[in-house]
Amino acid sequence: PQMKTPNSKKITMTRTKSAKQKRIFGNNRTCLISDEADIEEAVRCTMLIAGKIGFRETVSCMIGTAVSELARNIHRYAKTGGAIHISELRRARKTGVEIVATDNGPGIKDIRKAMQDNYSTTAGSLGIGLPGVKRFMDEFKIKSGKGTTVIVRKWAK
């Protein structure tokens with residue numbers, strides 16, 4: 001299926017399977033991140049999908065907060081922008097949501113430091129973004145070099 005992003009660009013979504021046979025279903029969305037309004041749209045879409053999947057409102061808000069942090073990092077550090085991909089997951093009898101945040105920015109120089117509370121390369125920042133995202137979600141992976149990719153998952157209880 002094709003969908004329009006807030007910037008009116010068409011994106012074709014595909015269904016994929018990994019070695020662990022994760023299945024991605026119909027509640028999928030890609031939000032391009034290039035300005036503040038895109039951050040809000042990504043959060044709104046994420047919370048809507050989380051609610052459709054069956055997450056309680058408080059958990060949907062936590063997932064939305066994680067997406068806000070990831071999208072804000074894309075906007076702040078990756079001058080070329082990036083994207084937030086939101087997908088419903090099903091594995092065996094579990095249902096969840098996967099968020100993939102990608103950009104082609106300069107990358108994170110020291111991931112270990114970036115994952116520490118109170119560390120930030122931005123003056124005035126609290127430095128709780130990535131560590132907070134990790135605490136809110138059930139699974140967290142980060143890869144950075146030329147660009148950064150963060151993959152997080154939250155499973156419905």
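## A tour from α4 into the core

Start by selecting α4: its buried residues pack against α2, α3 (111-114), β6 (139-145) and β7. To see which residues those are, pick Gly129, Leu130, Pro131, Gly132 and Val133, the buried members of α4. Keep in mind as you click around that this is a predicted model.

Now zoom out and colour by secondary structure. You should find four helices and seven strands. Follow the chain from the N terminus and the elements come in the order β-β-β-α-α-β-β-α-α-β-β.

Next, go for the largest nonpolar core, which has 29 residues. Several elements supply two or more residues to this core: the helices α1 (36-53), α2 (57-77) and α4 (129-136), plus the strands β3 (23-33), β4 (82-91), β5 (94-103) and β7 (147-155). Within the core, show Leu70, Ile84, Ile86, Ile99 and Val152 as sticks; these touch the most other members.

Which residues does Ile99 touch, leaving aside those up to four places away in sequence? Centre on Ile99 and display Thr46, Val67, Leu70, Ile84, His85, Ile86, Met137, Val150, Ile151 and Val152.

For the last stop, switch on a surface and look at the chain as a whole. The accessible surface is about 9,000 Å², with 52% of that belonging to carbon and sulfur atoms. Of the 157 residues, 43% count as buried. If you draw a contact map, take the contacts between residues at least 6 apart in sequence: 56% of them join residues at least 24 apart.

How values were computed. Residues are numbered from 1 along each chain as its sequence is written. This is a predicted model: local features need pLDDT of at least 70, side-chain atom pairs count only at pLDDT 80 or more; totals for chains, interfaces and linings use all residues. Side-chain values use heavy atoms; hydrogens and water are left out. A nonpolar core is a set of buried Ala, Val, Leu, Ile, Met, Phe, Trp, Tyr and Cys residues joined through side-chain atoms within 4.5 Å. Buried means under 20% relative accessible area, exposed over 50%, partly exposed in between (1.4 Å probe, protein chains only). Contact means heavy atoms within 4.5 Å. Accessible areas come from the Shrake-Rupley method with a 1.4 Å probe; for residues, only the protein chains shown count as cover.
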